[in-house]
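I opened this model to look up its nonpolar cores, one of its helices and some of its strand pairing. My entries follow in that order.

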Amino acid sequence: MANRILLGLAAALMVSAAQAQPLQLKVLGQPVGSGMIQKNQEQPFFSRFAEQSGLDAKVQYVPSDVAGIPDSDGLRILKSGLFDIVSIRGPQVSRDEPALLGFDLVGLNTSFEAGRANTRSFFDYVDKRLQSQFNAKLLGVWPAGPQLVFCKPQIGSLADLKGLKVRVGDQSGAKFMSGLGAIGVAMPFGEVQQALAMGVVDCAVTGPASANAAGWPEATTTVLPIALQLAVNGYAINLKTWNAMSVEQQGKLQKAFDELDNNIWNYSQELYEDAMRCNSGEQPCKQGKLYKLKTLPVSTADEVTVAQAVEKTSLPVWAAQCNAVDTDCEKTWRATVGSHSGR
(Lines give C-alpha, C1' and ligand atoms only; values in the text may rest on other atoms or scores of the structure.)
Protein backbone atom coordinates (compact mmCIF):
# COMPACT_ATOMS: atom_id res chain seq x y z
CA MET A 1 0.00 0.00 0.00
CA ALA A 2 2.77 2.40 0.97
CA ASN A 3 4.60 1.69 -2.26
CA ARG A 4 1.48 2.39 -4.30
CA ILE A 5 0.99 5.69 -2.46
CA LEU A 6 4.61 6.66 -3.10
CA LEU A 7 4.34 5.74 -6.77
CA GLY A 8 1.15 7.78 -7.06
CA LEU A 9 2.80 10.79 -5.44
CA ALA A 10 5.81 10.45 -7.72
CA ALA A 11 3.58 10.32 -10.80
CA ALA A 12 1.64 13.37 -9.61
CA LEU A 13 4.87 15.27 -9.01
CA MET A 14 6.11 14.36 -12.49
CA VAL A 15 2.88 15.63 -14.09
CA SER A 16 3.02 18.78 -11.97
CA ALA A 17 6.65 19.37 -12.94
CA ALA A 18 5.85 18.85 -16.61
CA GLN A 19 2.99 21.32 -16.46
CA ALA A 20 5.24 23.82 -14.65
CA GLN A 21 7.57 23.90 -17.62
CA PRO A 22 6.90 26.61 -20.24
CA LEU A 23 5.00 25.41 -23.30
CA GLN A 24 7.35 25.05 -26.23
CA LEU A 25 5.47 25.70 -29.45
CA LYS A 26 6.86 25.58 -32.96
CA VAL A 27 4.66 27.55 -35.35
CA LEU A 28 4.67 27.51 -39.16
CA GLY A 29 3.19 30.79 -40.36
CA GLN A 30 1.78 32.36 -43.49
CA PRO A 31 4.36 33.25 -46.17
CA VAL A 32 5.96 36.67 -45.72
CA GLY A 33 5.05 37.33 -49.35
CA SER A 34 1.34 36.97 -48.59
CA GLY A 35 1.19 40.51 -47.24
CA MET A 36 -0.11 42.62 -44.39
CA ILE A 37 -2.11 40.05 -42.42
CA GLN A 38 1.02 38.02 -41.85
CA LYS A 39 3.05 41.14 -41.07
CA ASN A 40 0.61 43.13 -38.92
CA GLN A 41 -1.59 40.48 -37.29
CA GLU A 42 -0.10 37.00 -37.30
CA GLN A 43 3.58 37.62 -36.62
CA PRO A 44 2.97 40.17 -33.81
CA PHE A 45 0.49 37.76 -32.20
CA PHE A 46 3.03 34.95 -32.04
CA SER A 47 5.85 37.33 -31.06
CA ARG A 48 3.80 38.31 -27.98
CA PHE A 49 2.08 34.97 -27.54
CA ALA A 50 2.69 34.62 -23.80
CA GLU A 51 1.26 38.09 -23.21
CA GLN A 52 -1.64 37.56 -25.63
CA SER A 53 -2.66 34.18 -24.18
CA GLY A 54 -1.68 34.45 -20.54
CA LEU A 55 0.22 31.18 -20.95
CA ASP A 56 3.75 30.48 -19.83
CA ALA A 57 4.90 29.70 -23.34
CA LYS A 58 7.84 30.10 -25.68
CA VAL A 59 7.09 30.23 -29.39
CA GLN A 60 9.42 29.58 -32.29
CA TYR A 61 7.67 31.20 -35.26
CA VAL A 62 8.78 30.87 -38.87
CA PRO A 63 6.88 31.83 -42.06
CA SER A 64 6.49 28.97 -44.52
CA ASP A 65 8.47 30.65 -47.30
CA VAL A 66 11.33 31.38 -44.89
CA ALA A 67 11.26 27.75 -43.80
CA GLY A 68 11.29 26.66 -47.44
CA ILE A 69 8.12 24.62 -46.96
CA PRO A 70 5.47 24.75 -49.74
CA ASP A 71 2.21 26.19 -48.42
CA SER A 72 0.42 23.21 -49.98
CA ASP A 73 2.12 20.93 -47.41
CA GLY A 74 0.57 22.57 -44.33
CA LEU A 75 -1.64 19.67 -43.25
CA ARG A 76 1.06 17.07 -43.83
CA ILE A 77 3.51 19.12 -41.76
CA LEU A 78 0.91 19.36 -38.99
CA LYS A 79 0.25 15.63 -39.00
CA SER A 80 3.97 14.85 -38.92
CA GLY A 81 4.40 16.83 -35.70
CA LEU A 82 7.29 18.83 -37.17
CA PHE A 83 5.38 21.95 -36.08
CA ASP A 84 2.86 22.23 -33.25
CA ILE A 85 0.71 24.92 -34.88
CA VAL A 86 0.33 25.66 -38.57
CA SER A 87 -1.20 28.67 -40.27
CA ILE A 88 -3.16 26.80 -42.92
CA ARG A 89 -3.67 28.24 -46.39
CA GLY A 90 -7.10 26.83 -47.19
CA PRO A 91 -7.11 26.71 -50.99
CA GLN A 92 -3.57 25.39 -51.16
CA VAL A 93 -4.07 22.48 -48.74
CA SER A 94 -7.52 21.55 -50.02
CA ARG A 95 -6.04 18.85 -52.24
CA ASP A 96 -5.24 16.96 -49.03
CA GLU A 97 -8.57 17.76 -47.35
CA PRO A 98 -11.39 18.84 -49.70
CA ALA A 99 -13.69 19.72 -46.78
CA LEU A 100 -11.78 22.99 -46.35
CA LEU A 101 -13.11 24.28 -49.67
CA GLY A 102 -16.63 24.00 -48.28
CA PHE A 103 -15.92 27.19 -46.35
CA ASP A 104 -15.41 29.22 -49.50
CA LEU A 105 -16.89 27.92 -52.75
CA VAL A 106 -16.80 30.33 -55.68
CA GLY A 107 -19.88 32.55 -55.42
CA LEU A 108 -20.67 31.63 -51.81
CA ASN A 109 -19.00 34.42 -49.85
CA THR A 110 -19.72 37.63 -51.72
CA SER A 111 -19.36 39.69 -48.52
CA PHE A 112 -17.52 39.51 -45.22
CA GLU A 113 -20.83 39.06 -43.40
CA ALA A 114 -21.72 36.02 -45.51
CA GLY A 115 -18.23 34.63 -44.99
CA ARG A 116 -18.44 34.85 -41.20
CA ALA A 117 -21.80 33.06 -41.16
CA ASN A 118 -20.75 30.32 -43.58
CA THR A 119 -17.42 29.54 -41.96
CA ARG A 120 -19.01 29.43 -38.52
CA SER A 121 -21.68 27.05 -39.78
CA PHE A 122 -19.24 24.56 -41.33
CA PHE A 123 -16.49 24.85 -38.69
CA ASP A 124 -17.34 21.79 -36.59
CA TYR A 125 -17.45 19.48 -39.59
CA VAL A 126 -14.05 20.60 -40.90
CA ASP A 127 -12.60 20.33 -37.39
CA LYS A 128 -13.87 16.75 -37.18
CA ARG A 129 -12.24 15.93 -40.51
CA LEU A 130 -8.88 17.41 -39.49
CA GLN A 131 -8.93 15.52 -36.20
CA SER A 132 -9.65 12.18 -37.85
CA GLN A 133 -7.42 12.57 -40.89
CA PHE A 134 -4.54 14.79 -39.79
CA ASN A 135 -4.41 14.45 -36.00
CA ALA A 136 -5.07 18.19 -35.78
CA LYS A 137 -7.60 20.47 -34.08
CA LEU A 138 -8.93 23.52 -35.91
CA LEU A 139 -8.47 26.67 -33.80
CA GLY A 140 -9.94 29.32 -36.09
CA VAL A 141 -10.59 30.43 -39.65
CA TRP A 142 -10.27 33.84 -41.28
CA PRO A 143 -10.25 35.47 -44.74
CA ALA A 144 -7.33 36.89 -46.67
CA GLY A 145 -10.00 39.03 -48.32
CA PRO A 146 -12.24 39.20 -51.39
CA GLN A 147 -10.56 37.52 -54.34
CA LEU A 148 -10.67 39.78 -57.39
CA VAL A 149 -9.55 39.43 -61.01
CA PHE A 150 -6.40 41.33 -62.03
CA CYS A 151 -5.60 41.40 -65.75
CA LYS A 152 -2.73 42.53 -67.93
CA PRO A 153 -4.88 43.03 -71.05
CA GLN A 154 -7.74 45.50 -70.80
CA ILE A 155 -11.03 43.77 -70.00
CA GLY A 156 -14.51 45.09 -69.34
CA SER A 157 -16.29 42.19 -67.66
CA LEU A 158 -16.07 38.51 -66.80
CA ALA A 159 -17.12 37.66 -70.35
CA ASP A 160 -13.84 39.13 -71.62
CA LEU A 161 -11.88 36.42 -69.84
CA LYS A 162 -12.86 33.96 -72.56
CA GLY A 163 -9.72 32.46 -74.07
CA LEU A 164 -7.41 34.00 -71.46
CA LYS A 165 -5.15 32.13 -69.04
CA VAL A 166 -6.15 32.99 -65.47
CA ARG A 167 -4.22 32.00 -62.35
CA VAL A 168 -6.60 30.59 -59.71
CA GLY A 169 -6.21 29.39 -56.13
CA ASP A 170 -8.07 26.07 -56.22
CA GLN A 171 -10.11 23.59 -58.27
CA SER A 172 -13.30 25.50 -57.60
CA GLY A 173 -11.80 28.60 -59.18
CA ALA A 174 -10.47 26.63 -62.13
CA LYS A 175 -13.90 25.15 -62.86
CA PHE A 176 -15.51 28.58 -62.66
CA MET A 177 -13.01 29.98 -65.16
CA SER A 178 -13.62 27.03 -67.46
CA GLY A 179 -17.32 27.90 -67.44
CA LEU A 180 -16.42 31.38 -68.69
CA GLY A 181 -14.32 29.93 -71.49
CA ALA A 182 -11.07 30.88 -69.75
CA ILE A 183 -8.22 28.57 -68.79
CA GLY A 184 -7.69 28.21 -65.03
CA VAL A 185 -4.02 27.84 -64.16
CA ALA A 186 -2.85 26.63 -60.73
CA MET A 187 0.31 28.45 -59.69
CA PRO A 188 2.05 29.24 -56.37
CA PHE A 189 1.45 32.81 -55.26
CA GLY A 190 5.12 33.75 -55.30
CA GLU A 191 5.42 32.98 -59.02
CA VAL A 192 2.42 34.98 -60.21
CA GLN A 193 3.88 38.48 -60.55
CA GLN A 194 6.63 37.29 -62.89
CA ALA A 195 4.17 35.08 -64.79
CA LEU A 196 1.94 38.11 -65.40
CA ALA A 197 4.89 40.24 -66.48
CA MET A 198 6.11 37.58 -68.92
CA GLY A 199 2.68 36.72 -70.29
CA VAL A 200 2.66 33.18 -68.95
CA VAL A 201 -0.79 34.06 -67.59
CA ASP A 202 -3.02 36.93 -68.71
CA CYS A 203 -4.91 37.44 -65.47
CA ALA A 204 -4.76 36.25 -61.89
CA VAL A 205 -7.05 36.06 -58.88
CA THR A 206 -6.13 37.28 -55.40
CA GLY A 207 -7.04 39.91 -52.80
CA PRO A 208 -6.10 43.54 -53.46
CA ALA A 209 -3.80 43.78 -50.43
CA SER A 210 -1.88 40.65 -51.44
CA ALA A 211 -1.68 41.93 -55.01
CA ASN A 212 -0.32 45.25 -53.78
CA ALA A 213 2.27 43.62 -51.52
CA ALA A 214 3.44 41.34 -54.34
CA GLY A 215 3.62 44.09 -56.95
CA TRP A 216 0.94 42.70 -59.25
CA PRO A 217 -0.21 46.20 -60.33
CA GLU A 218 3.20 46.66 -61.95
CA ALA A 219 2.33 43.86 -64.38
CA THR A 220 -1.42 44.45 -64.80
CA THR A 221 -3.68 47.21 -66.06
CA THR A 222 -7.14 46.39 -64.75
CA VAL A 223 -8.95 44.98 -61.74
CA LEU A 224 -12.52 43.68 -61.72
CA PRO A 225 -13.70 44.15 -58.10
CA ILE A 226 -16.19 41.32 -57.80
CA ALA A 227 -15.60 38.88 -54.95
CA LEU A 228 -15.27 35.34 -56.26
CA GLN A 229 -14.14 33.97 -52.89
CA LEU A 230 -12.68 35.21 -49.59
CA ALA A 231 -9.60 32.92 -49.52
CA VAL A 232 -10.36 31.38 -46.15
CA ASN A 233 -7.32 30.32 -44.15
CA GLY A 234 -7.01 29.06 -40.60
CA TYR A 235 -4.99 27.83 -37.64
CA ALA A 236 -4.71 24.26 -36.40
CA ILE A 237 -2.76 22.55 -33.65
CA ASN A 238 -1.37 19.04 -33.55
CA LEU A 239 -3.60 16.93 -31.28
CA LYS A 240 -0.63 15.46 -29.44
CA THR A 241 0.40 18.98 -28.43
CA TRP A 242 -3.19 19.92 -27.56
CA ASN A 243 -3.86 16.80 -25.48
CA ALA A 244 -0.65 17.30 -23.50
CA MET A 245 -1.98 20.64 -22.24
CA SER A 246 -4.12 21.05 -19.15
CA VAL A 247 -7.78 22.04 -19.52
CA GLU A 248 -6.88 25.52 -18.25
CA GLN A 249 -4.08 25.87 -20.81
CA GLN A 250 -6.37 24.70 -23.60
CA GLY A 251 -8.96 27.28 -22.60
CA LYS A 252 -6.45 30.13 -22.58
CA LEU A 253 -4.99 29.09 -25.91
CA GLN A 254 -8.38 28.80 -27.59
CA LYS A 255 -9.47 32.18 -26.22
CA ALA A 256 -6.33 33.79 -27.63
CA PHE A 257 -6.98 32.32 -31.07
CA ASP A 258 -10.63 33.37 -30.93
CA GLU A 259 -9.46 36.95 -30.40
CA LEU A 260 -6.87 36.71 -33.18
CA ASP A 261 -9.49 35.23 -35.49
CA ASN A 262 -11.90 38.12 -34.85
CA ASN A 263 -9.14 40.70 -35.20
CA ILE A 264 -8.13 39.33 -38.60
CA TRP A 265 -11.72 39.35 -39.87
CA ASN A 266 -11.99 43.04 -38.96
CA TYR A 267 -8.51 43.90 -40.22
CA SER A 268 -9.07 42.05 -43.49
CA GLN A 269 -12.04 44.28 -44.28
CA GLU A 270 -10.12 47.45 -43.43
CA LEU A 271 -7.18 46.24 -45.48
CA TYR A 272 -9.38 45.48 -48.46
CA GLU A 273 -10.80 48.99 -48.57
CA ASP A 274 -7.38 50.61 -48.17
CA ALA A 275 -5.74 48.36 -50.78
CA MET A 276 -8.43 49.13 -53.34
CA ARG A 277 -7.62 52.82 -52.99
CA CYS A 278 -3.87 52.19 -53.10
CA ASN A 279 -4.07 50.06 -56.24
CA SER A 280 -6.07 52.68 -58.11
CA GLY A 281 -3.94 55.61 -56.95
CA GLU A 282 -6.46 57.11 -54.55
CA GLN A 283 -6.06 58.53 -51.05
CA PRO A 284 -6.06 57.76 -48.22
CA CYS A 285 -3.61 54.94 -48.90
CA LYS A 286 -2.18 54.00 -45.51
CA GLN A 287 -0.79 50.48 -45.77
CA GLY A 288 0.24 49.92 -49.35
CA LYS A 289 1.98 51.36 -52.37
CA LEU A 290 0.22 53.69 -54.78
CA TYR A 291 -0.42 52.32 -58.27
CA LYS A 292 -2.69 53.34 -61.14
CA LEU A 293 -4.84 50.31 -61.90
CA LYS A 294 -8.12 50.86 -63.68
CA THR A 295 -10.98 49.69 -61.44
CA LEU A 296 -13.91 48.44 -63.49
CA PRO A 297 -17.56 48.91 -62.57
CA VAL A 298 -19.27 45.63 -61.69
CA SER A 299 -22.23 44.87 -63.91
CA THR A 300 -25.45 43.20 -62.84
CA ALA A 301 -24.69 40.43 -65.33
CA ASP A 302 -21.39 39.67 -63.60
CA GLU A 303 -23.05 39.66 -60.18
CA VAL A 304 -25.60 37.14 -61.46
CA THR A 305 -22.85 34.99 -62.98
CA VAL A 306 -20.98 34.80 -59.69
CA ALA A 307 -24.11 34.19 -57.62
CA GLN A 308 -25.15 31.30 -59.88
CA ALA A 309 -21.68 29.75 -59.74
CA VAL A 310 -22.39 27.87 -56.51
CA GLU A 311 -25.13 25.61 -57.85
CA LYS A 312 -23.89 25.55 -61.45
CA THR A 313 -20.19 24.81 -60.97
CA SER A 314 -18.43 25.15 -57.64
CA LEU A 315 -20.78 23.10 -55.44
CA PRO A 316 -21.20 20.11 -57.81
CA VAL A 317 -17.46 19.88 -58.48
CA TRP A 318 -16.52 20.25 -54.83
CA ALA A 319 -19.26 17.89 -53.59
CA ALA A 320 -17.97 15.11 -55.84
CA GLN A 321 -14.46 15.54 -54.44
CA CYS A 322 -15.56 15.79 -50.83
CA ASN A 323 -18.09 12.95 -50.99
CA ALA A 324 -15.32 10.74 -52.36
CA VAL A 325 -13.50 11.01 -49.02
CA ASP A 326 -16.61 11.21 -46.82
CA THR A 327 -20.09 10.27 -47.99
CA ASP A 328 -21.64 12.67 -45.45
CA CYS A 329 -19.77 15.72 -46.76
CA GLU A 330 -22.30 17.32 -49.11
CA LYS A 331 -25.20 16.31 -46.87
CA THR A 332 -23.54 18.05 -43.92
CA TRP A 333 -22.78 21.15 -46.00
CA ARG A 334 -26.39 21.46 -47.17
CA ALA A 335 -27.66 20.99 -43.60
CA THR A 336 -25.36 23.72 -42.28
CA VAL A 337 -24.14 26.28 -44.82
CA GLY A 338 -26.88 25.49 -47.30
CA SER A 339 -29.72 25.74 -44.79
CA HIS A 340 -29.09 29.38 -43.91
CA SER A 341 -27.82 30.52 -47.32
CA GLY A 342 -30.90 29.21 -49.13
CA ARG A 343 -29.15 26.46 -51.10
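I began with the largest nonpolar core (buried Ala, Val, Leu, Ile, Met, Phe, Trp, Tyr and Cys residues joined through side-chain atoms within 4.5 Å; buried means under 20% relative accessible area with a 1.4 Å probe, protein chains only), and of its 82 residues I found that Phe46, Phe49, Leu253, Phe257, Trp318 and Trp333 touch the most other members. Helix H12 (residues 247-279) supplies the largest share of this core, eleven residues; helices here are DSSP runs of H or I with at least four residues, strands are E runs of at least two, and both are numbered from the N terminus.

I noted that this is a predicted model, in which local features need pLDDT of at least 70 and side-chain atom pairs count only at pLDDT 80 or more, while totals for chains, interfaces and linings use all residues. Residues are numbered from 1 along each chain as its sequence is written, and side-chain values use heavy atoms, with hydrogens and water left out.

Leaving aside residues up to four places away in sequence, I listed Phe45, Phe46, Phe49, Ile85, Leu139 and Tyr235 as touching Phe257 (heavy atoms within 4.5 Å). A second, separate core has 21 residues, among them Cys151, Val166, Val168 and Leu224.

In helix H2 (residues 36-47) I found Met36, Ile37, Gln38, Gln41, Glu42, Pro44, Phe45 and Phe46 buried.

I then turned to strand E6 (residues 165-168), which pairs in the parallel sense with strand E7 (residues 183-186) over four bridges; pairing requires that DSSP find at least two bridges between the strands. Valine 166 has glycine 184 in E7 as its bridge partner. Strand E8 (residues 203-206) also runs parallel to E6, joined by two bridges, and arginine 167 stands opposite alanine 204 in E8.

Terms used
Buried means under 20% relative accessible area, exposed over 50%, partly exposed in between (1.4 Å probe, protein chains only).
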